[in-house]
Amino acid sequence: MHCNPEQTAGPGVDKSAIGKAFGRAAATYDDYAALQRITGDRLREIAGMPAAGDLLDAGCGSGWYSRCFSAAGYRVTALDISTEMLRYARQQQSAADYLQADLDALPFRAGSFDVIWSNLALQWSNQLRQAVYQLRSALRPAGQLRFSTVAAGSLPEVDQAWQSVDGTAHTNSFLTVQQITQAVCGYGIRLIHEPVTLHFPSARAALWSLKGVGAGHLHQRTKSLPLTRQRLALLDAGWPKETEGYRLSYQIVYGVTE
């Protein structure tokens, strides 16, 4: 494949605002992290996991998978952009080491880890190709990278519902599958693209599945009006529904080193 990495830049992300958004969600994260469990479990299923060794959980959140890998015998370094998330992960004794850092500016020397795991964190990168390069560089020669990220075409239900309320977009822009493919071009990474659909009992519950994990942060936010009962009723009426409930769909891309 011809690589064209110039087309893989993210939307221009305010990392401080993202850290604060996830920090506010630290205490509720595990209660709302259904998508994170689905993608994390699927990521482990797709390629399996190497034998225990030094593992970096890049974007560890509450430390759920850090705890899983620690219990399996890995020596885990839990990394997150949010100090509050790291504090919560430490309280749960999730890892051996904890580090606040940005995925776009990793502080590790080459060959630091046997395994790098990143579940639903790389969509917050400003420059995905550079982030993936740093992750690959931090691996030892036989090391393995496992990641999942969100692609364009995700959360159409949110924008559709809000159109009936204020006519504006309420989701972030994500890289397309083609852009993600270009971002990892030449790095020996196999990509798998799969949709994931969740259902909720109400529009409010669907929105809280985002806000409750800190993922409700918008890169381009206009001043929003309070979500009154009337506006919530409009949102509820405009939200796509199926027999199972109020739909919320994602396009997920998994990446594993070959």
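In helix α6 (residues 128-137), the buried residues are Leu 128, Arg 129, Ala 131, Val 132, Gln 134 and Leu 135, where buried means under 20% relative accessible area, exposed means over 50%, and partly exposed lies in between (1.4 Å probe, protein chains only). Helices (H or I, at least four residues) and strands (E, at least two) are here DSSP runs, numbered from the N terminus. The buried residues of α6 pack against β1 (54-58), β4, β5, α8 (177-183) and β6, a contact being defined by heavy atoms within 4.5 Å.

The model is a predicted one, in which local features need pLDDT of at least 70 and side-chain atom pairs count only at pLDDT 80 or more, while totals for chains, interfaces and linings use all residues. Residues are numbered from 1 along each chain as its sequence is written, and side-chain values use heavy atoms, with hydrogens and water left out.

**The chain as a whole**

The secondary structure of the chain comes to ten helices and eight strands, and 51% of its 258 residues count as buried. Among contacts between residues at least 6 apart in sequence, 77% join residues at least 24 apart.

**Helix α3 and its packing against α4**

Helix α3 covers residues 34-47, and its 14 residues should span 20 Å at 1.5 Å a residue, which agrees with the 21 Å that separate its end C-alpha atoms; the expected span is taken as 1.5 Å times one less than the number of residues. Leu 35, Gln 36, Arg 37, Thr 39, Gly 40, Leu 43 and Ile 46 are the buried residues of α3. These buried residues pack against two helices and four strands, namely α2 (29-32), α4 (64-71), β4 (113-119), β5 (139-151), β6 (189-200) and β8 (245-257). After α3 comes Gly 48, which has a positive phi near 70°.

Two packed helices are described by the angle between their axes and the distance between the axes. For α3 and α4 the angle is about 35° and the axes lie 11 Å apart, with axes being lines fitted to C-alpha atoms, for helices over the stretch in contact, and angles running from 0 to 180 degrees between N-to-C directions. The crossing of α3 with α4 is right-handed, which applies if the near helix is turned clockwise from the far one by less than a right angle, whereas an anticlockwise turn would make it left-handed. On the α3 side the contact is made by Gln 36, Arg 37, Gly 40, Asp 41 and Arg 44, and on the α4 side by Trp 64, Tyr 65, Cys 68 and Phe 69. These residues divide into four nonpolar, two polar and three charged, with Ala, Val, Leu, Ile, Met, Phe, Trp, Tyr, Cys and Pro counted as nonpolar, Asp, Glu, Lys and Arg as charged, and the others, Gly among them, as polar.

**Cysteines**

Cys 68, one of the α4 residues in that contact, is partly exposed, with a relative accessible area of 27%, while Cys 60 counts as buried because its relative accessibility is 7%. A search of the whole structure finds zero disulfides, a disulfide being a pair of cysteine sulfur atoms within 2.5 Å.

**Two leucines with positive phi**

Most residues other than glycine have a negative phi, and most peptide bonds are trans. Leu 120, in the loop between β4 and α6, nevertheless has a positive phi near 55°, and its relative accessibility of 10% makes it buried. Leu 155, in the loop between β5 and α7 (156-163), likewise has a positive phi, of about 60°, and is buried with a relative accessible area of 7%.

**Pairs separated along the chain**

The following table gives C-alpha separations for three pairs.

| Pair | Separation along the chain | C-alpha distance |
|---|---|---|
| Asn 172 and Asp 159 | 13 residues | 10.0 Å |
| Gly 188 and Gly 255 | 67 residues | 9.8 Å |
| Thr 197 and Leu 248 | 51 residues | 5.8 Å |

Asn 172 is found in the loop between α7 and α8 and is buried, with a relative accessible area of 11%. Gly 188 lies in the loop between α8 and β6 and is partly exposed at 37%; not counting residues up to four places away in sequence, Gly 188 touches Val 256, Thr 257 and Glu 258. Thr 197 belongs to strand β6 and is partly exposed at 41% relative accessibility; with the exclusion of residues up to four places away in sequence, Thr 197 touches Arg 247, Leu 248 and Ser 249.
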